[in-house]
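Hi,

Here is the structure I promised to pass on. Have a look at it first, and then read on for what turned up.

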Amino acid sequence: MRLLWKYLDKVRWLRKRSAIPLLGVLVTCLLFLNLVIEDGYVLEEDKRQQRETSIHQLNSERYVHTFRDISNFSGTINVTYRYLAGSPLPRKKYLTIGLSSVKRKRGNYLMETIKSIFDQSSYEELKEMVVVVHLADFDLAWCESLVQDISRKFAHHIIAGRLLVIHAPEEYYPSLDGLKRNYNDPEDRVRFRSKQNVDYAFLLNFCTNLSDFYMMLEDDVRCAKNFLTAMKKVVTSREGSYWVTLEFSKLGYIGKLYHSKDLPRLAHFLLMFYQEMPCDWLLIHFRGLLAQKDVIRFKPSLFQHIGYYSSYKGSENKLKDDDFEEDSFDIPDNPPASLQTNINVFEKYDATKAYSNVDEYFWGKAPSTGDFFVIVFDKSVKISKIKIVTGSDDRQNDILRHGAMEVGEKLVGTKRGKQCASYITLGEFKNGNIEVHDVDRKIGFDIACIRIVVTASQKEWLIIRSVSVWTTQPSSQ
């Protein structure tokens, strides 16, 4: 450990040249500490001072207790919250939606955001969620005034345990004076974004044990109809695959989904590097540390930014998510499955990419007659609709020119893994696409496989942009 601290001290001079390389070094060291030291420990006074200097440069003695907690990233941060409205229910929900809000110089969209969450959700969806609002402004009079408005307008949701309003007292915050001015940001901008990181950290910390999943929103968004059901379909389709963050909007800190078990580590991470960079940049580093290299973002987006004035100085902010769709939202179910093909795959465009709702695709070299692309479900399912799209906007020639879609039953083991014993043809591709409705009425069995068969060779390569499956109900097995 002493060698590690000496190494940190040796690279301190690099901070003047670049903040990002320093952050990489610090993050690597922290990850090493977290892996090696599971039970936590209290640093000696001289080591603690060195760590504060090389990592954080905190000037506030009231924040010393947090460094003792940070060595164990799996534990929650010791903060005593004020409950302004509502209280947690004993039963865990499926989803917590977290919002952090401060007083704005111009405009206030929090009430509209809360209203959209509830109005766009069915009664069944509401039973599976809890909304937590962190009023993070140090102006307590403003907090009290706003919580009165919230309590009047959303009283029945508060009583039902679906809405909580909290406040983390100012004494738990680190110093917001004398912060490092990375990226040549003005002092007030650095203060704003640094405090925002801590606001989010305390919100995440509070929400750790409320649900299975956590969704971060900003306080100026509009939601798509039945967004929770759409999100659950996506989560179900990702079962068996590793992910840290699923993104349902391409803007800021809107529509970012996490496993609740990761919230303590994320809260500690934001708190440790609160003055280094904005929160959305820190999230990229956090995701990478937990070994999710690529962004996993779904389209269409479930949330839209509606704020016209920013919470920072009331400046104009006209950002919009052009992938947002409020109505007619129809995300496929895509039950868990394995995918197989004998078409030569190009680089990393493997078969699984065609079966996810992420904006990516399968790309293979020119297919020949008899080549196949097969989806084998983990369990046989009743299917209402199947839609397969080939080609892409920028490669419109890479479509399946001659092909058929088949569905199969009765899984059997083979050298290549599970396969269906028999298939029947459900339809042929036209202009590279196929869409079949009322499949369950046309087929007299639960479907175990979907197979795309190339019926004539082609010189063009093949992009399978998406394989979308809508189910009715799973069969009993």
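Let me start with aspartate 185, which sits in the loop between strand 4 (163–167) and helix 9. Bear in mind throughout that this is a predicted model. Is aspartate 185 buried or exposed? Anything under 20% relative accessible area counts as buried, so aspartate 185, at 18%, counts as buried. Setting aside neighbours within four places in sequence, aspartate 185 is in contact with Val190 and Arg193. If you want a partner from elsewhere in the chain, try methionine 277: 92 residues separate it from aspartate 185 along the chain, yet their C-alpha atoms are 10.0 Å apart.

There is another aspartate to look at, aspartate 199, and this one is in helix 9 itself. At 4% relative accessibility, aspartate 199 counts as buried too. What does aspartate 199 touch, leaving out neighbours within four places in sequence? The list is Ser100, Val102, His134, Ala136 and Tyr173.

Stepping back to the whole chain, you'll find 13 helices and 17 strands. Of the 477 residues, 55% are buried. Take the contacts between residues at least 6 apart in sequence: 78% of them join residues at least 24 apart.

Now the helix packing. Helix 9 (residues 187–206) packs against helix 11 (residues 263–272) at an angle of about 160 degrees, and their axes are 8 Å apart. An angle over 145 degrees counts as roughly antiparallel, and helix 9 and helix 11 are therefore roughly antiparallel to each other. The crossing of helix 9 with helix 11 is left-handed. On the helix 9 side, the contact is made by Asn197, Val198, Tyr200, Ala201, Phe202, Leu204 and Asn205. Helix 11 brings Leu263, Leu266, Ala267, Leu270 and Leu271. Sorted by class, that contact has 10 nonpolar, two polar and no charged residues.

Helix 11 also packs against helix 12 (residues 279–289), this time at about 130 degrees and with the axes 10 Å apart. How are helix 11 and helix 12 oriented to each other? They are oblique, and their crossing is right-handed. Helix 11 uses Arg265, Leu266, Phe269 and Leu270 here, while helix 12 offers Cys279, Leu282, Leu283, His285, Phe286 and Leu289. By class, the contact between helix 11 and helix 12 has eight nonpolar, one polar and one charged residues. Leu266 and Leu270 of helix 11 are worth picking out on screen, since they appear in the contact with helix 9 and again in the contact with helix 12.

On to the interior. In soluble globular proteins, nonpolar side chains tend to be buried together. The largest nonpolar core in this model has 48 residues, and the members that touch the most others are Ile117, Leu135, Phe248 and Leu257. Which helix gives the most to this core? That would be helix 10 (residues 227–237), with six residues. Apart from this core lies another, of 44 residues, including Leu176, Tyr200, Leu270 and Leu283.

For a closer view of the largest core, try isoleucine 117. Not counting neighbours within four places in sequence, isoleucine 117 is in contact with Ile97, Leu99, Met129, Val131, Leu217, Cys223 and Phe227. Phenylalanine 118 lies in helix 5 (residues 110–119) and, at 5% relative accessibility, counts as buried. With residues up to four places away left out, phenylalanine 118 touches Leu126, Val131, Phe154, His157, Arg162 and Leu163. Val131 is therefore a partner of isoleucine 117 as well as of phenylalanine 118. The C-alpha atoms of phenylalanine 118 and methionine 129 are 9.9 Å apart, with the two residues 11 places apart along the chain.

Last, two asparagines with a backbone quirk. Asparagine 334 has a positive phi of about 40 degrees although it is not a glycine, and asparagine 431 has a positive phi as well, near 55 degrees. Asparagine 334 is in the loop between strand 9 (303–305) and strand 10 (337–341), whereas asparagine 431 is in the loop between strand 14 (417–428) and strand 15 (433–437). Where asparagine 334 is buried, with a relative accessible area of 0%, asparagine 431 is exposed, at 72%.

Cheers

Notes: Residues numbered from 1 in each chain as written. Predicted model: local features only at pLDDT ≥ 70, side-chain atom pairs only at ≥ 80, totals over all residues. Heavy atoms only, no water. Core = buried A, V, L, I, M, F, W, Y, C linked by side-chain atoms within 4.5 Å. Buried < 20%, exposed > 50% of the residue type's maximum accessible area, 1.4 Å probe, protein only. Helix = DSSP H or I, 4+ residues; strand = E, 2+ residues; numbered from the N terminus. Contact = heavy atoms within 4.5 Å. Axes fitted to C-alpha atoms, helices over the stretch in contact; angles between N-to-C directions. Parallel < 35°, antiparallel > 145°, perpendicular 65-115°, else oblique. Left-handed = near helix turned anticlockwise from the far one by under 90°. Nonpolar A, V, L, I, M, F, W, Y, C, P; charged D, E, K, R; others polar.
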